[in-house]
Structures are given as C-alpha cells and as structure tokens.
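Let's walk through this structure together, one layer at a time. Please keep the sequence and the 3D view open as we go.

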2 protein chains.
Amino acid sequence: MITRTATADDWPRIWPFFRDIVAAGETYAYPEDLTEETARPLWMDGHVVVVDQDGTILGSAKMGPNRPGRGAHVSTASFMVDPAAQGRGVGRALGEYAVKWARGAGYHSMQFNAVVETNTGAVALWQALGFQILTTVPEAFESRRHGRVGLHIMYQKL
Amino acid sequence: MITRTATADDWPRIWPFFRDIVAAGETYAYPEDLTEETARPLWMDGHVVVVDQDGTILGSAKMGPNRPGRGAHVSTASFMVDPAAQGRGVGRALGEYAVKWARGAGYHSMQFNAVVETNTGAVALWQALGFQILTTVPEAFESRRHGRVGLHIMYQKL
C-alpha cells in the first residue's frame, strides 16, 4: 500500500467511490448532479495523491492553500476512502501524508473547513493527527441519516 | 442612496474600488494578480447588489449559498465599500440587505468564513446586525500593516 501522486489516469478509478461517498450524503457538500466529467476538476485540483495497493486505488486526497493571496500560507486538504477499503488505515495514511506534505511545503497551518460532526471516525482520526476543533457551525450540513448536523472547523499549526 | 440588483454594466464601476481594497491588503484574500476581466466572475456571482447614489456606485455585496448540495441551506455574503464612501452607512445598508435577502430566500443561517480581526469596523457592524464570532482562526490572514492576524468565522441563525 503506497501513497503516490495521482495522474490524470487515476480519475476514472477515483470517481466510483467519490460518487458513492457524495451520494451517501453523510460527509461531503458537493453539488448533487455531478458527473465523472464535472466532478473531475473539483477533485483533481492542487496536489492530489492516491493510496495504491497493487494497482487498486483505495483512497485519495487533495491538498493546497485554503485561500489565495493573503490567506495562502494556510493549507487545507480533503479525503476520500473507498468504503470497500475502510478499516485498513487508508485515511490515516492520507492524513499523515497531507500533514507531512504541508509542513514540507512551508505552510503555517492546516485548516479543515467542514468536517461533519457525525463522521466520528474522521473526527477522531484528525484529532489523533494533531488537529483540534476550533468551533462547530450548528446545523450546517444536511445529513441523509441524521438531518441537520454541525460542521467542525478543525485546525493544526504546523 | 438605494440598494439595487447589480447589472453587468455595473462591474466597471465596482472594479476600481474592488482593486483598491484588495491591493490595500487589509481585508480580503483574493489572488494577487487579478485584472478587471479575471476578477469579474469572482465577484459577479450569485445575487449581487450595489448601493447607488445618483448613478455613483458606493459599494457592492454578493450573496448566495456558502456550500453546494448538503450545505446549501447556509448562506454567505461578501461586501466591498468604496473607501471614498466610508462612514456613510453603505456597509450597514449592504449588511441589512443581505440578512433580509437571505431570510426571504429561506436560508437557515448566514456564515462569514473570513472576517479579518483587525477590520474592527466591519466586525462591530456584523455584531450589531446579529452575527456572533464562532471562532478566530489564528494568524490566517497576512495583513499588510499588522502581519499575520486572525480570521473570524461569524454566524447568525436567521
């Protein structure tokens, strides 16, 4: 299981779990009507990596500045793990990679803008990697199962 | 002094103060190299209004969903007041308009993602209009005068 930079050829293998994760309605606020083509520039943007096990893509992350210009010293990142590959440390591998990458690139800090509070596995993982919850925006995410739940803003100085 | 929906023709009269406000480096994290053409789609997006006094544009605001899909019930807004028109209630008129517009459009709440903490006039105005500071992301904005300062996340249930 290696974490490597994504190539354009990886997108068709990321898209199936990207689509399923967005459709599940529990973790991401993306437009509802994305296709393989319209989703591509939303994900394949900035520094994108995949977790590759013998040619199977188990997950992906994208990372880069959280804002342009005078906010570009703060990084951010997004993560998707194929539901079929859960429990195998893919999210942790991607999270550790992102923090190390941002530190190496000279970023001051890393900010997650919208971590769904009911996504407790992710919240615990980010906390284990050094992130803290700065605040929770109340009822900011329409979870399919739980209704309106909060979005954590999580942060780590690097 | 009226607040009205912007038309495409208004952009050339918004751009000079948009440019000056971004160049001042105290309040907005936009790309550094914007031109009248490349800045246009960044501002003229969503519901855009201007404060018009006898044909002179004193300020502008844009508003709409803060996130797509499952976050689209939370609104956001951005504001620019021509520095030459400061102290005349233009920011207040735009802020009151935005809150009223979002409430009328059925939004659940309004969130500001990045209010520079040293922009104390704006912070006080948003508080007067009902917003609270949920948290302050430390050192997240590179102010030209003050160095790295915090970005407030401000919020109001509608």
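**Salt bridges, sheet, rings and interface**

A good place to begin is a pair of charged side chains in chain A: A:Asp10 and A:Arg13 meet in a salt bridge, with N and O 3.0 Å apart. Please bear in mind that this is a predicted model. The two partners sit in unlike surroundings: A:Asp10 counts as buried because its relative accessibility is 1%, under the 20% limit, whereas A:Arg13, at 36%, counts as partly exposed. The pair also belongs to a wider arrangement, a network of salt bridges that links A:Arg4, A:Asp10, A:Arg13 and A:Asp52.

Over all chains, the structure holds 18 salt bridges. Side chains of opposite charge can pair when their charged atoms come close. One of these salt bridges joins A:Arg92 and A:Glu96, whose closest N and O atoms are 3.4 Å apart. Both residues lie in helix H3 (residues 90-104) of chain A, four residues apart, about one turn of the helix. Here A:Arg92 is partly exposed, with a relative accessible area of 40%, and A:Glu96 is partly exposed as well, at 41%.

Chain B offers a salt bridge of another kind, between B:Glu26 and B:Arg145, where the closest N and O atoms are 3.6 Å apart. What does this pair tie together? B:Glu26 lies in the loop between helix H1 (11-24) and helix H2 (36-43) of chain B, while B:Arg145 lies in the loop between strand S6 (132-143) and strand S7 (147-157) of chain B, so the salt bridge ties together parts that are 119 residues apart in sequence. B:Glu26 is buried, with a relative accessible area of 15%, but B:Arg145 counts as exposed at 67%.

Now turn to the sheet of chain A. It is an open sheet of seven strands in the order S1-S2-S3-S4-S5-S7-S6, with mixed pairing. Its edge strands are strand S1 (2-5) and strand S6 (132-143) of chain A, each of which pairs on one side only. On average, neighbouring strands of this sheet are turned by 25° against each other, direction ignored. S6(A) and strand S7 (residues 147-157) of chain A pair in the antiparallel sense over eight bridges, and A:Ser143 has A:Gly147 in S7(A) as its bridge partner. Helix H2 (residues 36-43) of chain A packs on the sheet, touching strand S2 (47-53), strand S3 (56-65) and strand S4 (74-81) of chain A. The direction of this helix makes about 50° with that of S3(A).

The aromatic rings come next, with 22 aromatic pairs over all chains. A:Trp11 and A:Phe18 form an edge-to-face pair, 5.7 Å centre to centre with 70° between the planes. A:Trp11 counts as buried at 0% relative accessibility, and A:Phe18 counts as buried at 1%. Ring pairs also link A:Trp11 and A:Phe18 with A:Trp15, A:Tyr28, A:Tyr30 and A:Trp43 into a cluster. In the pair of A:Trp101 and A:Tyr107, the arrangement is tilted, with 5.7 Å centre to centre and 40° between the planes. A:Trp101 is partly exposed at 23%, while A:Tyr107 is buried at 15%.

Finally, look at where the chains meet. The contact takes 32 residues from chain A and 32 residues from chain B. About 2,700 Å² is buried between the two chains, and carbon and sulfur atoms give 57% of that area. How many salt bridges are there between chain B and chain A? The count is zero.

Conventions
Residues are numbered from 1 along each chain as its sequence is written. Chains are lettered from A and ligands numbered from 1 in the order in which they are written. This is a predicted model: local features need pLDDT of at least 70, side-chain atom pairs count only at pLDDT 80 or more; totals for chains, interfaces and linings use all residues. Side-chain values use heavy atoms; hydrogens and water are left out. Two strands pair if DSSP finds at least two bridges between them. Helices (H or I, at least four residues) and strands (E, at least two) are DSSP runs, numbered from the N terminus. Axes are lines fitted to C-alpha atoms, for helices over the stretch in contact, and angles run from 0 to 180 degrees between N-to-C directions. Contact means heavy atoms within 4.5 Å. Rings of Phe, Tyr and Trp (its six-membered ring) pair if their centres lie within 6.5 Å; planes under 30 degrees apart count as stacked, over 60 as edge-to-face and the rest as tilted. Buried means under 20% relative accessible area, exposed over 50%, partly exposed in between (1.4 Å probe, protein chains only). Buried area is the accessible area (1.4 Å probe) that two parts lose on being put together, summed over both. A salt bridge is a side-chain nitrogen of Lys or Arg within 4 Å of a carboxyl oxygen of Asp or Glu.
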